[in-house]
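Here's a quick briefing on the chain in front of you. Have a look at the sequence and the model, then read on.

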Amino acid sequence: KKSFGPMGLDAQGRKIGRNRDADTIANTSDLYFAQLKRDSSVRTMARYSGDEDYAEQIFVDSGVTELKATYKENPYLQAERDA
């Protein structure tokens, strides 16, 4: 599987071009918005590199599914949902 994510790190060791919305996922609408942004970025990079077949696929990048796992595993958010 191809990965069209941005490469490199900034001075703080974070990925350059990271999805800042993924850092602040507090509910399912935030999750969906972060997934849309990630999917859009991946598909745009695929289109720029000439891979039209990959660019036409929806939500196939592993980064999109990883966002969902992050939302479920966040103990602080789980505690708020359980309250």
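Is Asp61 buried or exposed? It's buried, with a relative accessible area of 3%, and the place to look for Asp61 is the loop between α2 and α3. Keep in mind that this is a predicted model, with a mean pLDDT of 77 for the chain.

**Confidence**
- Of the residues in the chain, 65% reach a pLDDT of 70 or more.
- Going by elements, helix α2 (residues 52-55) comes out with the highest mean pLDDT, at 91, while helix α4 (residues 75-82) has the lowest, at 70.

**Overall layout**
- You'll find four helices and zero strands here, so to speak an α-α-α-α pattern when you read along the sequence.
- The chain has 83 residues, and buried ones make up 25% of them.
- Take the contacts with a separation of 6 or more: 45% of these come from residues 24 or more positions apart.
- The accessible surface adds up to about 6,000 Å², and carbon and sulfur atoms account for 54% of that.

**Helix α1**
- Helix α1 covers residues 28-48, which is 21 residues. From first C-alpha to last it reaches 30 Å, close to the 30 Å expected at 1.5 Å a residue.
- The buried residues of α1 are Leu31, Ala34, Gln35, Arg38, Asp39, Val42 and Ala46.
- Why do those buried residues line one face of α1? Looking down the helix axis, they fall within an arc of 135°, so one face is where they end up.
- As background, an α-helix has 3.6 residues a turn, so residues three or four places apart point the same way.
- Tyr32 is also in helix α1, but Tyr32 is partly exposed, with a relative accessible area of 47%.
- Just after α1, Gly50 takes a positive phi of about 95°.

**The nonpolar core**
- Which residues form the largest nonpolar core? There are five: Ile25, Leu31, Ala34, Leu67 and Tyr71.
- Both α1 and α3 (62-73) chip in, each with at least two residues of this core.
- Leu31 is worth a click: leaving aside its neighbours within four places in sequence, Leu31 is in contact with Ile25, Leu67, Lys68 and Tyr71.
- In soluble globular proteins, nonpolar side chains tend to be buried together.

**Pairs apart in sequence**
- Tyr32 and Lys68 sit 36 residues apart along the chain, and their C-alpha atoms are separated by 8.7 Å.
- Back to Asp61: its C-alpha is 7.1 Å from that of Asp39, with the two positions 22 residues apart along the chain. Asp39 is itself among the buried residues of α1.
- Asp53, which you'll find in helix α2, pairs up with Arg43 in the list: the two are ten residues apart along the chain, with 9.7 Å between their C-alpha atoms.
- Unlike a buried residue, Asp53 is exposed, with a relative accessible area of 64%.

**The loop between α2 and α3**
- Phe59 is in this loop, where Asp61 also lies.
- What's the backbone doing at Phe59? Phe59 has a positive phi of about 55° although it is not a glycine.
- Phe59 is partly exposed, with a relative accessible area of 28%.

Methods. Residues numbered from 1 in each chain as written. Predicted model: local features only at pLDDT ≥ 70, side-chain atom pairs only at ≥ 80, totals over all residues. Heavy atoms only, no water. Expected span 1.5 Å × (residues − 1). Buried < 20%, exposed > 50% of the residue type's maximum accessible area, 1.4 Å probe, protein only. Arc of directions from axis to C-beta. pLDDT = per-residue confidence, 0-100. Core = buried A, V, L, I, M, F, W, Y, C linked by side-chain atoms within 4.5 Å. Contact = heavy atoms within 4.5 Å. Areas by Shrake-Rupley, 256 points an atom, 1.4 Å probe, with all protein chains shown as cover.
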